[in-house]
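Open the model in your viewer and keep the selection box handy. We'll go from stop to stop, and at each one you'll hear what to pick and what is there.

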Amino acid sequence: MKLYLSIFFGVIFTLSCYAQGLQFQGNDKLIEDRTSYSVFDKEIPTFKNSFSIRFEISILQFNSFGYIFRLKDKDTNKTYNLTYTYKDDKNSFFKFNAEGIDNLISIELPNNILGNHQWQTVSVTFLLNDNKLLISINDKEYTVNNPGLPKQFHPQIFFGKSDHIVDVPVFALRNLEVENDNKLLRFPLKESDGENVHDWQGKVIGHVSNPVWLINTAYYWKHRYTYKSETVGGVNYDESKQNILFFNTDSLSSFDLRTNNVLIKKYANKLPVDIQLGTSFVDDKEDKLYIYEVNNLPIGNTTIASLNLENTTWKSVSTAYLPMQLHHHNGYYDTENKRYIIFGGFGNQKYNKEFLSFNIEKSKWDTLIFNGDKIMPRYFSGMASFKSKNQLFIFGGMGNESGDQTIGRSYLYDLYQVDLDSKNIKKLWNLSWQPENIVPTRNMIMLNDSCFYTLCYPEHKPNSYLQLYRFSLKNGSYTILGDSIPILSEKIPTNANLYFNHKLKEFYCTVQEFQDNGSSVTRFYSLAYPSINKTELTTYSTPQSVINTWFWLVIFLLLTGLFTTLIYYKKRNKKIQITASEKEEISIPVKPNIEIKDKANAIYLFGEFTVYDKNGRDITYMFSARLKQAFLLILGHSLKDGISSQQFSEALWPDRSEFNVKNLRNVTLNHLRKILSDLNGIDLLFDKGYFKIELTDDCFCDCFLFEQLIHSENNIKSNSQLIEVLIRGKFLKSSDDTQLDSFKERIEAQIRSILPIYIEKAYDSQNYIHTIHLSEVLFITDPLNEKALYYLINSLNNLKQTEEAKKKYALFAIEYKKENKQDLPYTFSSILKKD
């Protein structure tokens, strides 16, 4: 089944392939809205002997007729014009005419060189003394003898609409030049707003009405399409067919970059891969799309499948898998050797440093071995390919030397050259980065051997933004190009991609944001190449235009803020108004849909140990291993009476003399007090032989809140707060310090003890949403808790989420068998029937 969806009609095609120029609105618009450009609006020159007009033109709509330009001699009123005429599907005409008298020459051109937004170079030379015209299109010359030229020409030059001439094709114009024997006038047409047209020296010479300035498409990312999927999906780029491919579990949507149409095709057979992350690559030689998962599927299931893009038939390629999940890895398809190479990524609390290659024909993964410099284990890195030299380039990301995620991570700003022929890795440079920390998107673009392009963003911000960077291969110097693209980076699978269209000369960005229930929204943007920065955009800006820009920016931000606030409260009120009968219709996500936003002036012990100062700055890095151990020892005992000086000293320095211990203890405590001075409402006290940390309400600590909640009345509010505390993860999950074992065991024992009570009460009160969330939280500490399974399954079933319940049961059964070496003794049906 094929369904064609027209996204835009007529001629509003992809104009972002033009870094500068002027687009003419033509016959598709009302006459008063069509573009008219007077080249010499202020002062009309006089030419003797000869003069030439040169420009580049791109026809944007074939099926039309109209005037490209007119030259009218002010003295004699003689007028000449160049028109465009569509002939048929194969050919079109440029005609040069003596207006109202005769067609002087017709030049037929094939549509295939006019299409795809290609530029045609046109030159018209007036040899006044010889009464001759020389016309050149794409370096092919044509001569017109005796066209009746005057001895001197005082030309009024108009492009598009002029006087009674209102037929205008839709076209784009750039690099206009008018020249005679002793003078050259150049008009780069790189204005970004207004109706004044400047020469190359910045002087206002001409005037245009109803302009569309194309330089804006080289700075402002243009939103082209939004793809929504209720199931897990993905996106890729097929350059050979000029399509952006969006896919999910049941169909393929192809966005045509030339026409802005979307073709949706249902699959001819069932997709054999259970998509988890939606990772993919395209083999344009074989006309195939490959979807793959490296891990997190049952053994024996298909992990890699190929889709024939012509007949949409799926074929299982392999069941091979890797021993760990690799979130945010890089990928490159080696067409010649039919292998897919990946690097980096994280999973199972480890960062990857290996280059892994999947051989399509042998259907297996291999590890590639390289000589030379070593690349630190990492994820969130960027990869670019330089195909002519068979090289890859790896840039940036986050990671550490050991690859152990639990000991922390560093932001990286280094570049490596990976030669696939010589099997050698060479480190090119490492930047000392001063601005806000950022990570690149997984695929980068190399158009030559001097630089690469990548989208970067501060991934640690939930409401973040993407920015295009151009880095020098020589030394890492960089330029930020274009404006920014919003991205919500809350979810791990959320990703962005950068592509480049060599035919249309434009960058593409896709932003895919996932929801907890597996659904996703993918937005697609384009930007002209060569892209520009803000300074280049505002070359001709006047103070007034700057004021206007800021005015509208402020208005936009105010309206955006108001709109966001209204949406927030609308959603919030909607949640509050849910009744018991409405709960039956709620779609529950796979994981708890709890929005956690870290506070300023706060200490977090659940999940990763994290401390924020009073300004919201993450100061966790200030805690060395020893300071962290000391702080947590005191904090853990502060939940009771504190820790004695002797117990504290023996825990940290068991083999040191009393004299040395005293000095070490004083230095350590002084360091701690200095760090804690960056927070409000926290004191490290020594009272009656005991060290203790006291907190006021100004300082938040999730562990202290947890203690309060488990001793408070069990209600909806405390349920919500408890979920928010525990959903961060296992208590001190990255700590393996034996001195903290008793602290950890006490907290985890409280969780295992109190949470089943909370779960049961939530279920009995028919608050199935809280029951689900609390059960998921209990699984963090006790992944094989059968009571949590019972309430989770029945809550999902009561909310008409039976399929989700079956998935949860299947995952639990797999883990149960791994741990106990036997099958789970309960069937899914029996759990539903239990009382």
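## First stop: a buried loop

Select Asn 248, which is found in the loop between strand S22 (243–247) and strand S23 (251–256). Strands here are DSSP runs of type E with at least two residues, helices are runs of H or I with at least four residues, and both are numbered from the N terminus. This is a predicted model, so local features need pLDDT of at least 70 and side-chain atom pairs count only at pLDDT 80 or more, while totals for chains, interfaces and linings use all residues. Residues are numbered from 1 along each chain as its sequence is written, and side-chain values use heavy atoms, with hydrogens and water left out.

Is Asn 248 buried or exposed? At 7% relative accessibility, Asn 248 counts as buried; the word means under 20% relative accessible area, with exposed over 50% and partly exposed in between (1.4 Å probe, protein chains only). Now add Gly 234 to the selection: Asn 248 and Gly 234 are 14 residues apart in sequence, and their C-alpha atoms are 6.5 Å apart in space. Leaving aside neighbours within four places in sequence, Asn 248 is in contact with Tyr 227, Ser 229, Thr 231, Val 232, Gly 233, Tyr 267, Leu 271 and Ile 275. Contact means heavy atoms within 4.5 Å.

## Follow the thread to Gly 518

Next, pick Gly 518, in the loop between strand S46 (506–514) and strand S47 (520–528). Gly 518 is buried too, at 15% relative accessibility. You have already seen Ile 275 in the list for Asn 248. The C-alpha atoms of Ile 275 and Gly 518 are separated by 9.7 Å, with their positions 243 residues apart along the chain. Beyond its neighbours within four places in sequence, Gly 518 is in contact with Glu 230, Thr 231 and Val 232. Thr 231 and Val 232 also appear among the contacts of Asn 248.

Move along to Tyr 529 and Pro 530, which are joined by a cis peptide bond with omega of about 0 degrees. Pro 530 is found in the loop between S47 and helix H2 (534–537).

## Two backbone oddities

Which angle should you check at Asn 175? Look at phi: it is near 50 degrees, a positive value in a residue other than glycine. Asn 175 lies in strand S15 (residues 171–180) and is partly exposed, with a relative accessible area of 32%.

Then jump to Thr 312, which also has a positive phi, about 50 degrees, although it is not a glycine. You'll find Thr 312 in the loop between strand S27 (304–308) and strand S28 (314–318), and at 5% relative accessibility it counts as buried.

## Rings

Colour Phe, Tyr and Trp for this one. A search of the whole structure finds 73 aromatic pairs, meaning rings of Phe, Tyr and Trp (its six-membered ring) with centres within 6.5 Å; planes under 30 degrees apart count as stacked, over 60 as edge-to-face and the rest as tilted. Zoom in on Tyr 80 and Phe 96, a stacked pair 6.2 Å centre to centre with 15 degrees between the planes. The pair links distant parts of the chain, with Tyr 80 in strand S7 (residues 79–86) and Phe 96 in strand S8 (residues 91–98), 16 residues apart. Both Tyr 80 and Phe 96 are buried. They belong to one aromatic cluster whose members include Tyr 37, Phe 47, Phe 51 and Phe 159.

## On to the helices

Select H5 (residues 645–652) and H6 (residues 658–676): they pack at an angle of about 95 degrees, with their axes 11 Å apart. That makes H5 roughly perpendicular to H6, a label for angles of 65 to 115 degrees. Show the side chains of Ser 645, Phe 648 and Ser 649 on H5, and of Val 661, Arg 665 and Leu 669 on H6, to see what makes the contact.

Finish at Phe 828 in helix H13 (residues 828–833). Phe 828 is buried, with a relative accessible area of 13%. Leaving aside neighbours within four places in sequence, Phe 828 is in contact with Ile 793, Thr 802, Ala 805, Lys 806 and Tyr 809.

## Zoom back out

With everything in view, the protein comes to 13 helices and 53 strands. Of its 835 residues, 52% count as buried.

Methods: Axes fitted to C-alpha atoms, helices over the stretch in contact; angles between N-to-C directions. Parallel < 35°, antiparallel > 145°, perpendicular 65-115°, else oblique.
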